[in-house]
Amino acid sequence: MVTEAEVWEALAEVADPEIPVISVVDLGVVRGVRVDGEHVHVEFTPTFLGCPALEVMRSQMAERIAELGAEPEVEVVLDDSWSTDKITAEGREKLREAGFAPPTPRGEGTTLVQLQANGFRCPYCGSRDTALENIFGPTPCRSLRYCRSCKQPFEQFKTI
């Protein structure tokens with residue numbers, strides 16, 4: 001029989017299809033796991049309601065649970081409750097190391113910093129001298145920015 005801890009560990013190995021440096025657990029989309037004998041129920045909320053990777057995430061989670069020898073049920077909860085605050089500290093660091101500017105969790109510092117032109121740190125050099133290059137990134141949850149100090153482009157994970 002599979003345990004809840006084993007399921008969480010397995011789900012932590014499922015990469016986000018759009019940002020593979022971070023797992024669905026670190027991204028904070030997995031809301032809960034319930035084990036009932038050989039049956040495993042997982043609730044997850046996509047980063048936004050129109051997420052094109054929703055079915056891929058669901059399928060990958062179900063596949064990983066089945067590999068544990070359990071019967072998966074992966075429920076998509078569409079109540080718009082995900083926010084960037086759900087990203088774990090480890091997830092934020094993985095995003096930064098991969099060249100993303102992870103959002104600052106609410107309650108850490110001032111929320112006004114996001115309204116300032118220099119509110120986003122470059123993940124390469126740490127400079128706040130950055131500019132919004134394009135509000136439309138490769139997915140609706142990301143924007144493109146440019147660091148004026150080290151001249152590197154990078155993606156900004158939009159604060160939701």
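## Helix H4

Ala89, Glu90 and Glu97 are exposed on one side of helix H4, in what is a predicted model. The other side holds the buried residues of H4, a helix that spans residues 89-97; they are Gly91, Arg92 and Leu95. Because these three cover an arc of only 100 degrees around the axis, they are on the same side of H4. An α-helix has 3.6 residues a turn, so residues three or four places apart point the same way.

What do the buried residues of H4 pack against? Their partners are helix H2 (24-27), strand S4 (100-101) and strand S7. Just after the helix comes Gly99, with a positive phi of about 95 degrees.

## Strands S4, S6 and S7

Strand S7, one of the partners of H4, covers residues 153-157. Four of its five residues are buried, and S7 is therefore largely enclosed by the rest of the structure.

S7 pairs with two strands named here. With S4 the pairing is parallel and runs over two bridges; in this pair Ala101 stands opposite Gln156 of S7. With S6 the pairing is antiparallel and runs over five bridges, and Arg142 stands opposite Phe157 of S7.

## The hairpin of S6 and S7

S6 (142-147) and S7 are joined by a loop that contains Lys151. The two strands form a hairpin with five residues between them. Which sign does the phi of Lys151 have, positive or negative? The phi of Lys151 is positive, at about 70 degrees, although this residue is not a glycine. Most residues other than glycine have a negative phi.

## Strands S1, S2 and S3

S1 and S2 pair in the antiparallel sense over six bridges, and Val35 has Val40 of S2 opposite it. The two strands make a hairpin with two residues between them. Gly37, in the turn, has a positive phi of about 65 degrees.

On the pairing of S2 with S3, there are again six bridges, here in the parallel sense. Val40 stands opposite Pro72 of S3. From S2 the chain passes through H3 to reach S3, a β-α-β crossover that is right-handed.

Asp36 also belongs to strand S1. Its relative accessible area is 58%, and because exposure is set at over 50%, Asp36 counts as exposed. Between the C-alpha atoms of Asp36 and Glu4 the distance is 9.5 Å, with 32 residues separating the two in sequence.

## The largest nonpolar core

The largest nonpolar core has 30 residues; which of them touch the most other members? They are Leu11, Val42 and Met61. Elements that give two or more residues to this core are helix H1 (4-11), H2, strand S1 (30-36), strand S2 (39-44), H3 and strand S3 (71-76). The largest share, four residues, comes from H3.

Leu11 is found in helix H1. Its relative accessibility is 0%, and because burial is set at under 20%, Leu11 counts as buried. Not counting residues up to four places away in sequence, Leu11 touches Ser23, Val24, Val25, Val30, Val33, Val42, Met61 and Ile65. For one of these, Val24, the C-alpha to C-alpha distance from Leu11 is 6.9 Å across 13 residues of sequence.

Val42 can be described in like manner. Leaving aside its neighbours within four places in sequence, Val42 is in contact with Val7, Leu11, Val30, Gly32, Val33, Met61, Ile65, Glu73, Val74 and Glu75. The contacts of Val42 thus include Leu11 and Met61, and those of Leu11 include Val42 and Met61.

## Arg64 in helix H3

Helix H3 spans residues 54-67 and includes Arg64. Which side chain lies at 2.9 Å from that of Arg64 in a polar contact? The partner is the side chain of Glu13. A polar contact of 3.1 Å also joins the side chain of Arg64 to that of Glu67.

With neighbours within four places in sequence left aside, Arg64 is in contact with Ala10, Glu13 and Val14. Glu13 is thus in this list of contacts and is also a polar partner of Arg64.

Technical notes
Residues numbered from 1 in each chain as written. Predicted model: local features only at pLDDT ≥ 70, side-chain atom pairs only at ≥ 80, totals over all residues. Heavy atoms only, no water. Buried < 20%, exposed > 50% of the residue type's maximum accessible area, 1.4 Å probe, protein only. Arc of directions from axis to C-beta. Contact = heavy atoms within 4.5 Å. Polar contact = N/O pair within 3.5 Å; in protein donor to acceptor, adjacent residues only side chain to side chain. Core = buried A, V, L, I, M, F, W, Y, C linked by side-chain atoms within 4.5 Å. Pairing = 2+ DSSP bridges. Right-handed = clockwise from strand over helix to strand, strands pointing away.
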